[in-house]
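Work through these exercises with the structure open. Each task is followed by a solution in steps.

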Amino acid sequence: MAIPVIDFSKLDGEERAQTLAQLANGCEEWGFFQLVNHGISDELLERVKKVSSECFKLEREEEFKKSALVKSLNGQKLENVDWEDVFTLLDDNEWPSKTPGFKETMTEYRTELKKLAERVMEVMDENLGLPEGYIKKAFNGGEEDNAFFGTKVSHYPPCPQPELVTGLRAHTDAGGVILLFQDDQVGGLQILKDGQWIDVQPLHNSIVINTGDQIEVLSNGLYKSVWHRVLATPTGNRRSIASFYNPSLKATIAPAPQLVEKANQEVDQAYPKFVFGDYLSIYAEQKFLPKEPRFQSVRAV
């Protein structure tokens, strides 16, 4: 079983209806799918791979090898930790500075990824029967550009005892739309589908899309967020660059009224209405636990 691979360029041609149906299926049945021909050039993606790998070697690898995590791997199973080196890129935080071309390349990449995220959200609006721009407006808390857009640059170095630690523990994502540029050589990412863990197959220069908890709420449960994890591996240094298009902390999130009416639900039976910042506070403490109690907790805030 493999997650769907969708040619995003066909949205602009004669196969638009079929492609919309494939994207709807990816959101409804899987919560994860891969886009090819997504409009981001191979030339840029190759540069992203190059600067990310160089950054790890130049600025991160030695620190990881000396870390408490590496020292603690001594035959005992490790709980509550991830075999991961990670940092986050925002518009206004400090970026790695010793790797030639890193800032220029990743700034260009983030600009392109944000555009792609907004195109994916437009497709979701259309497939859900919502007004054009509905999800983007909900995430931005109105017309302004207030949504959070962060990029998490991770490496999962070779682990000498991969059976004792997870690369990244199983979780669903708190936010909106996640766009992942994963390693096309080293696997390890898995999703939970029908009670089974299945691999998200590495695919050259594809972008993996997955839906977070806020899309589940806005879609009134039609598009579920999905449990996923990363396995530690004994060989290969897996690169993973995940960009998150999330609501602003002040945005109010609730099921779209049209979808509540369509489902013929009482409003109090639907997902709760809440401020995203409140949800994020709960998520920070419960990330690796089931999501349903988070929805209940935020209902009470």
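**Exercise 1: Strand E10 and its partners**

Task: In this predicted model, find the residue of E10 that is the bridge partner of Thr 166.

Solution.
- Step 1. Go to Thr 166 and look across to E10; the bridge partner there is Leu 231.
- Step 2. Widen the view to the strands. E5 and E10 are joined by three bridges and run antiparallel.
- Step 3. Now take E7. Three bridges also link E7 to E10, and this pair runs antiparallel.
- Step 4. Pick one contact from that pair: Leu 189 has Val 230 of E10 as its bridge partner.
- Step 5. Sort E10 by face. His 228 and Val 230 make up the covered face. Arg 229 and Leu 231 make up the uncovered one.

**Exercise 2: The largest pocket**

Task: Describe the largest pocket. What is its volume, and which element gives the most to its lining?

Solution.
- Step 1. Start with the volume: about 610 Å³.
- Step 2. Count the lining of the largest pocket: 35 residues. Nearest the centre lie Phe 148, Lys 152, Asp 173, Phe 244 and Asn 246.
- Step 3. List the elements that give two or more residues to this lining. They are strands E4 (148–156), E5 (166–171), E6 (177–182), E10 (228–231) and E11 (238–246), plus helix H8 (276–286).
- Step 4. Rank them. E4 gives the most, with seven residues.
- Step 5. Split the lining of the largest pocket by residue type: 19 nonpolar, 11 polar and five charged.

**Exercise 3: The second largest pocket**

Task: Do the same for the second largest pocket. Which residues are closest to its centre?

Solution.
- Step 1. The second largest pocket has a volume of about 180 Å³.
- Step 2. Its lining has 13 residues, and the closest to the centre are Trp 30, Leu 192, Lys 224, Ser 225 and Val 226.
- Step 3. Helix H1 (16–30) and strand E7 (189–193) each supply at least two lining residues.
- Step 4. H1 has the largest share of this lining, four residues.
- Step 5. By type, the lining of the second largest pocket holds five nonpolar, two polar and six charged residues.

**Exercise 4: Cysteines**

Task: How many disulfides does the structure hold? Are Cys 27 and Cys 159 buried or exposed?

Solution.
- Step 1. The structure holds zero disulfides.
- Step 2. Cys 27 has a relative accessible area of 4%. The cut-off for buried is under 20%, so Cys 27 is buried.
- Step 3. Cys 159 is at 0% relative accessibility, so Cys 159 counts as buried too.

Technical notes: Residues are numbered from 1 along each chain as its sequence is written. This is a predicted model: local features need pLDDT of at least 70, side-chain atom pairs count only at pLDDT 80 or more; totals for chains, interfaces and linings use all residues. Side-chain values use heavy atoms; hydrogens and water are left out. On a 1 Å grid over the protein atoms alone, a cavity is a set of points where a 1.4 Å probe fits but cannot get out, and a pocket is an open set with protein on both sides within 12 Å along at least five of seven lines; lining residues have an atom within 4 Å of a point. Grid points are joined across faces, edges and corners, and a volume is the space filled by probe spheres set on the points. Ala, Val, Leu, Ile, Met, Phe, Trp, Tyr, Cys and Pro count as nonpolar, Asp, Glu, Lys and Arg as charged, and the others, Gly among them, as polar. A disulfide is a pair of cysteine sulfur atoms within 2.5 Å. Buried means under 20% relative accessible area, exposed over 50%, partly exposed in between (1.4 Å probe, protein chains only). Two strands pair if DSSP finds at least two bridges between them.
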